[in-house]
Amino acid sequence: MNTTTTPVNGTTRPIDPNQTTVDTGRTAVNKRPPAEGGDKKPSAAVRLVQLAREQYRFVMSTDGRPYAVALDGPNTVLPLRGRSGVRQRLARLYADTYEGDVASQSALADAMTVLEGIAEDDDPVPVHLRVGQDETGTIVVDLGTADGRAVTVSAGGWHVVDRSPVLFRRSGAMAPMPAPILEGDGLSMLHSLFNMHESAFRQLVAWLIAAWMPNIPHPVITFKGEQGTGKSKTAQMVVNLVDPSPAAKRSQPRDVKAWSTQAFNSWALCLDNVSSIPAWLSDTLCKAVTGDGIVDRALYTDDDVVVLSFRRVLSMTTIDAGAFAGDLAERLLMLELQLIDPSRRRTEEELDTAFEAVRPAVLGSLFDLLATVLAVLPNVKLETMPRMADFARVLAAVDQVMGWNTLDDYLATSANVAGDALEGDPFGSAIVALVEQFGTWTGTAAMLLEQVQPPGGIRPPTWPKDATRAGGKVRRLAPLLRTVGITVDDTQRSRDRHRHKLLILTRTDRPDETASAPETGPLWPDVAPIGQGHMPSDLH
């Protein structure tokens with residue numbers, strides 16, 4: 001047998017040319033003989049990547065998620081991993097293409113890593129959920145059908161198109177939307193399903209128009225009413241107009257992670273039968289109105305992160321408007337439902353049938369109105385800008401087109417909601433009573449905490465425990481207090497050597513100067529005359 005030698009650690013060892021490994025003294029190096037004819041058979045991972053590139057193009061979304069888009073199919077993206085992702089489809093395609101061969105899990109994992117790298121080659125692109133907007137400002141609504149059709153809406157009108165001009169993703173929480181049609185008065189058909197006054201219905205229509213504008217904040221539409229007013233069914237039908245889902249109504253999420261999962265997978269959703277809202281959920285809903293982002297650890301990594309970024313269209317049902325914290329209360333559109341007369345009550349099955357029968361015509365009328373609003377919206381100017389200014393401009397545009405009065409009705413309703421929220425907050429109610437008594441009150445947060453007392457002398461759980469928390473709560477309540485005619489100024493400091501930060505609470509709707517002047521509450525020395533209130537001993 002012919003042999004050669006190779007130096008290993010200063011010595012020589014014989015090598016058999018037919019052996020498949022070489023001992024280098026450190027590791028065994030695999031030396032498989034080449035395939036017949038000198039061509040090496042591609043690995044399963046290589047063939048998977050080849051198949052994938054023949055079928056899909058790969059993109060990275062602006063929130064850092066890789067997706068695949070079928071080259072010959074709807075303009076919808078597929079995740080690379082997951083039950084309905086490209087990985088599963090590639091595994092089946094591989095088995096069909098290479099009969100008798102099945103890709104291993106390791107080959108699939110290697111292929112996914114390569115495809116993720118390919119997706120990073122180009123700049124990130126926007127990937128929308130149900131509603132999007134292209135570079136021209138045209139609004140695009142995904143019908144959610146298998147053929148990928150969409151509705152495009154611009155100032156020139158609306159059209160059903162076979163292929164969406166923007167990328168959409170789908171989720172298991174979505175259901176298909178029927179194609180809109182122009183047939184009769186769709187708005188009147190919709191009103192016949194709801195037991196609400198004309199003013200409330202018109203505000204609802206304006207909210208539905210705004211719900212398809214993806215780049216503005218949307219107030220949380222909240223249906224209020226006693227039992228038997230059909231709140232839950234109304235909310236379900238409203239959500240299924242904007243973003244149909246097999247689970248339009250949801251229970252309150254248990255934590256931020258559960259909420260982010262729900263919100264990431266639905267453009268519109270409803271929290272049903274809300275009786276109280278914890279502080280974390282109130283803050284989270286506020287962020288979802290204006291645009292929220294949650295940073296989480298990326299799957300299969302220790303140090304990489306993904307961002308769940310979303311602005312959502314939200315609905316709630318409740319009996320008690322006082323259940324909402326102040327910052328959330330000023331982001332609500334509260335609509336009250338009327339008690340249904342027993343002679344007019346319908347079964348759920350009857351309502352579902354009626355809703356499905358009129359839904360295409362309702363959508364056609366709503367898209368018609370949306371197109372008209374988009375035409376006039378650029379020229380709409382408001383004399384004063386309320387908190388939800390973008391939504392208020394939409395209301396003004398709807399009023400201009402339809403001859404309605406939704407903006408004034410919304411502002412009046414918002415003031416009532418603020419009053420209800422303050423009544424539901426013992427500390428806020430105590431502040432209102434204090435300012436009503438004195439007209440103007442100035443002092444430190446510690447003085448305020450000592451001045452106001454909880455009902456019955458027992459502090460509820462929401463009552464601030466110290467001066468720091470009291471000052472913070474006053475600042476959070478400031479927008480609500482302003483709606484009932486009380487301003488909060490926390491920019492001043494006392495003129496003594498301690499330079500304490502002051503709160504100045506002022507009633508702005510006080511009578512004319514010719515009327516008797518209101519009493520003046522405890523004020524800080526050198527700021528205004530000292531009242532009769534007691535000063536804490538450490539502040540003398």
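**Arg 130**

I started with Arg 130, which is buried at 0% relative accessibility. The model is predicted, so I kept the 70 pLDDT floor for local features in mind. I placed Arg 130 in the loop between β8 and β9, the latter spanning 131–133. I then looked up its backbone: phi of Arg 130 is near 65°. That is a positive value in a residue other than glycine.

**Asn 273**

I turned to another positive phi. Asn 273 has one of about 55°, and Asn 273 is not a glycine. I found Asn 273 in strand β16, residues 268–274. Is Asn 273 buried or exposed? I noted 54% relative accessibility, so Asn 273 counts as exposed. Arg 130, by contrast, is buried.

**Salt bridges**

How many salt bridges does the structure hold? I noted 17. I went through some of them.

I began with Asp 101 and Arg 47. Their side chains meet in a salt bridge at 3.4 Å, N to O. Asp 101 sits in the loop between α2 (86–97) and α3 (105–119), and Arg 47 sits in helix α1 (residues 44–55), so the pair ties together parts 54 residues apart in sequence. I checked cover on both sides. Asp 101 is partly exposed at 26% relative accessibility. Arg 47 is buried at 10%.

Next I looked at Arg 507 and Glu 436. I read 3.6 Å, N to O, for their side-chain salt bridge. Which parts of the chain does the pair link? Arg 507 is in strand β23, and Glu 436 is in helix α13, residues 426–438. The two residues are 71 apart, and the parts they link are distant along the chain. Arg 507 is buried, with a relative accessible area of 12%. Glu 436 counts as partly exposed at 43%. Here too I had a buried arginine and a partly exposed acid.

Then I took Asp 466 and Arg 469. Their salt bridge has its closest N and O atoms 2.4 Å apart. I looked up the accessibility of each partner. Asp 466 is partly exposed at 27%. Arg 469 is partly exposed at 48%.

I also noted a network. Salt bridges link Lys 233, Glu 348 and Asp 352.

**Charged patches**

I moved to the surface. Which residues gather in a patch of positive charge? I listed Arg 493, Arg 495, Arg 499 and Lys 501. I placed Arg 493 in the loop between β22 (486–489) and β23 (503–507). Arg 493 is partly exposed, with a relative accessible area of 42%. A patch residue needs over 30% relative accessible area, and Arg 493 has 42%. I noted that β23, which bounds this loop, also holds Arg 507.

I found a negative surface patch as well. Glu 120, Asp 121, Asp 122 and Asp 123 form it. Where is Glu 120? I placed Glu 120 in the loop between α3 and β8, with β8 at 128–129. Glu 120 is exposed at 56% relative accessibility. I had met both flanking elements before: α3 bounds the loop of Asp 101, and β8 bounds the loop of Arg 130.

**Ser 260**

I looked into helix α7, residues 256–264, where Ser 260 is found. Ser 260 is buried, with a relative accessible area of 4%. What does its side chain reach? I read a distance of 2.8 Å from the Ser 260 side chain to the backbone oxygen of Lys 257.

**Pairs apart in sequence**

I closed with two C-alpha distances. I found Ala 329 in helix α9, residues 326–329. Ala 329 is buried at a relative accessible area of 3%. I then read its separation from Asp 420. The C-alpha atoms are separated by 8.9 Å, while the residues are 91 apart along the chain.

The second pair is Leu 477 and Asp 425. I found Leu 477 in helix α15, residues 467–483. Leu 477 is buried, with a relative accessible area of 4%. How far apart in space are Leu 477 and Asp 425? I read 9.6 Å, C-alpha to C-alpha, across 52 residues of sequence.

Terms used. Residues numbered from 1 in each chain as written. Predicted model: local features only at pLDDT ≥ 70, side-chain atom pairs only at ≥ 80, totals over all residues. Heavy atoms only, no water. Patch = residues over 30% accessible without salt bridge, like charges linked within 9 Å, V, L, I, M, F, W, Y side chains within 5 Å. Areas by Shrake-Rupley, 256 points an atom, 1.4 Å probe, with all protein chains shown as cover. Salt bridge = Lys/Arg side-chain N within 4 Å of Asp/Glu carboxyl O. Lys, Arg positive; Asp, Glu negative; His and termini not counted. Charge placed at Lys NZ, Arg CZ, Asp CG, Glu CD. Helix = DSSP H or I, 4+ residues; strand = E, 2+ residues; numbered from the N terminus. Buried < 20%, exposed > 50% of the residue type's maximum accessible area, 1.4 Å probe, protein only. Polar contact = N/O pair within 3.5 Å; in protein donor to acceptor, adjacent residues only side chain to side chain.
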